[in-house]
Amino acid sequence: MSGPKKRKVDSKCRVFKREWTTKYFFTKVQSMLVCLIFQETLAVFKEYNLSRHFATKHGNYASKQSPQEREATAQRLMAKLQAQQNVFHRKTAIQETTIKASFMLSFILAKASKPLSEGEFLKECMIETAGLLCPKSKGKFEKFSLLRRTVTRRVELIDEDLVSKLNSKVEFFKFYSLALDESNDVKDTAQLLIFIRGISDNFEITEEFLAMEPLKGKTRGEDLYDRVSTVIEKMKLPWSKLANVTTDGTPNLTGKNLGLLKRIQDKVKDENPNQDVIFLHCIIHQESLCKSILQLNHVVNPVVKLLNFIRAKGLQHRQLIKFLVETDADHHDLLYHSRVGWLSLGKVFQQVWELKEEIGAFLKLKGKSDEFTELSDKNWLCDFAFAVDIFSHLNELNVKLQGKDQYVHDMYTNVKAFKSKLIFFSRQISDKVFTHFATLATQKETIQNVKKQSKSLDDLHAEFYRRFSDVEKIDQLLQLVACPLSQNPETAPEEVQLELIDLQSDFVLQEKFSSLELRDFYASLNEATFPNIWRMAQKILVLFGSTYVCEQTFSIMNINKAPHRSSLTDEHLRSILRIATTKLTPDFDALAKKGDQQHCSH
């Protein structure tokens, strides 16, 4: 059955004739005919339509004017129409610019973890500032829409835009890795953070916030797997491209039979039997756990007790500060230490050590010396000095391991270097050489404790070796990708041996390796010539070495969802965390147009 007949319009009738302007007072605006008198429009370019419109509605208009006068009238009406259009376009442009600025300021508020309600305060500041610096433009700032509801909607749209941008990058990932960690927010809701790190054909690495999944009930391995699986499938990420998952090592994540990682491995094997996922325990977390082998609780506990005694009461704390100032001490206050803050422990120990004489005098002044007898125990002070030095070395390592966008091979190089240092330290202390333990060297009792201190360092080295066994398994691959020119082809994996020989024999590539960053060097390789090395490099460079990005984001979460902001919904918290951590730039021009269409609350 044939469809309805379409009306045919003669193409000749689509041409506007200039004489119609003077004759019927019409002009062409884009693809429409516009009456210059009342600004009505006609769709079909037929003279009959214009003639009928003019005769019906404006029959006597300019009927007594000469041709020259009608021409002048038509030009005057056209100028008036053009002026109206210019005003309209100018108002539209100003409106879009205002909305764009509103989006940008909403982005800045969320990026800085400020309450979304502070948009009104920000607007008030801008208006007052504009009144002083540029009074003529003050009205423009008054048109800004930064009410809480408006800023909230802007943040939602920015979040959607960032997800869209991430989706467009995900399509080109050759491999990707996940960093997972779980923590409770101020409402005791378990929040699972998922970060993704992907690498494209040209070795562009994208590291972004992927999702935050609230767990209202149990947090078993199957519950975590369901959430991770949902996120992966929603983003249309192929399981076969999953190269690595890095966690903090909790049982619900790493359980051999029911943990999240076991379920992920089974899923990947179902998709691609030849694909092995590299599971890593956060290197920073492992390094922190190694400290427990030192068995220094008999030193840590008294120091923490001392700090709590001084800082527990404001009056005592103020009296100590005044005492330190009066005695011209090296420090005028004591850092506060949380038992979970291992990184701060070394700094706290160093400061307490440097102020031990002043603290002892202050305790005597307060009549509390008997409660802290350790400060006069020479053997305890010797252990304290050892703790100050070894924690200082561990803190130095910890700082090197922190930060975003770190390669696993760089992180593990620092760990291996520290293991070598521990052997070196142990040997030196056994020989009664304290070059790198300056605090310990100040204690006379050190000589009789060298065996104990040396054994502690040996135990710490063994603990490092034990805990980093997962990274040690892939160390050969890490070294091959990090330094391909110095690797022995005979010990390399079979699939890359011949390619490695070709690579090491190419003087041009040798020069490139010395002059380019590692990622750029591999991007410069010909995939057809070095397919296996190319693929191996992509898989190694995309690995997450730690869950540092998750831990950092939990800190941002605690700022945003604090006791005084506990009503923040999970959806809005997710949007804020994405904005606060992203390296992507939203398309503010497109958002301004979308925001205008959405008719956000003003």
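Of the 602 residues in the protein chain of this predicted model, 46% count as buried. The chain holds 26 helices and 8 strands. As for how contacts spread along the sequence, take the pairs at least 6 residues apart: 69% of those contacts join residues at least 24 apart.

Two helix pairs are worth a closer look. Two packed helices are described by the angle between their axes and the distance between the axes. For helix H7 (residues 221-234) and helix H9 (residues 260-271), the angle comes out at about 50 degrees, and the axes sit 8 Å apart. That makes H7 and H9 oblique to each other, and their crossing is right-handed. On the H7 side, the residues involved are Gly221, Glu222, Leu224, Tyr225 and Val228, and they meet Leu260, Arg263, Ile264 and Lys267 of H9. Sorted by class, this contact of H7 with H9 is made up of 5 nonpolar, 1 polar and 3 charged residues.

The other pair is helix H16 (residues 408-430) with helix H19 (residues 475-482), packed at an angle of about 115 degrees with 10 Å between the axes. Angles of 65 to 115 degrees count as roughly perpendicular, so that is the label for H16 and H19. Here the crossing is left-handed. H16 brings Val408, His409, Tyr412 and Lys416 to the contact, while H19 brings Asp475, Leu478, Gln479 and Ala482. By class, the contact of H16 with H19 has 4 nonpolar residues, 2 polar ones and 2 charged ones.

Next comes helix H20 (residues 497-505), where the question is which side faces in. Its buried residues are Glu499, Leu500 and Leu503. Around the axis they cover an arc of only 100 degrees, so they end up on the same side of H20. Leu498 and Ser505 are on the other side of H20, and these two are exposed. As for what lies over the buried residues of H20, the cover includes helix H21 (507-515), helix H22 (518-524) and helix H23 (531-541).

Among single residues, Gln191 in strand E5 (residues 190-200) makes a good starting point. With a relative accessible area of 0%, Gln191 is buried, since the cut-off for that is under 20%. Setting aside neighbours within four places in sequence, Gln191 has a long list of partners to go through. Part of that list is Asp181, Glu182, Ser183 and Asp185, and then come Met212, Glu213 and Pro214. Gln191 is also in contact with Phe554, Met557, Asp570 and Leu573.

Glu142 belongs to helix H5 (residues 138-142). Its relative accessible area is 44%, so Glu142 is partly exposed. Once neighbours within four places in sequence are left out, Glu142 is in contact with Lys123 and Ile127. Glu142 and Thr98 are 44 residues apart along the chain, and their C-alpha atoms are separated by 10.0 Å.

Gly59 is a loop residue, placed between helix H2 (47-57) and helix H3 (67-111). It is partly exposed too, with a relative accessible area of 41%. Gly59 and Tyr24 are 35 residues apart in sequence, and the C-alpha to C-alpha distance is 9.7 Å.

That leaves a couple of backbone oddities. Most residues other than glycine have a negative phi. Lys236 goes the other way: its phi is near 55 degrees, a positive value in a residue other than glycine. Lys236 lies in the loop between H7 and strand E7 (242-247). With a relative accessible area of 71%, Lys236 is exposed, as the cut-off for that is over 50%. Gln295 also has a positive phi, of about 50 degrees, although it is not a glycine. Its place is in the loop between helix H10 (283-290) and helix H11 (297-312). Gln295 has a relative accessible area of 63%, so it counts as exposed.

Methods. Residues numbered from 1 in each chain as written. Predicted model: local features only at pLDDT ≥ 70, side-chain atom pairs only at ≥ 80, totals over all residues. Heavy atoms only, no water. Axes fitted to C-alpha atoms, helices over the stretch in contact; angles between N-to-C directions. Helix = DSSP H or I, 4+ residues; strand = E, 2+ residues; numbered from the N terminus. Parallel < 35°, antiparallel > 145°, perpendicular 65-115°, else oblique. Left-handed = near helix turned anticlockwise from the far one by under 90°. Contact = heavy atoms within 4.5 Å. Nonpolar A, V, L, I, M, F, W, Y, C, P; charged D, E, K, R; others polar. Buried < 20%, exposed > 50% of the residue type's maximum accessible area, 1.4 Å probe, protein only. Arc of directions from axis to C-beta.
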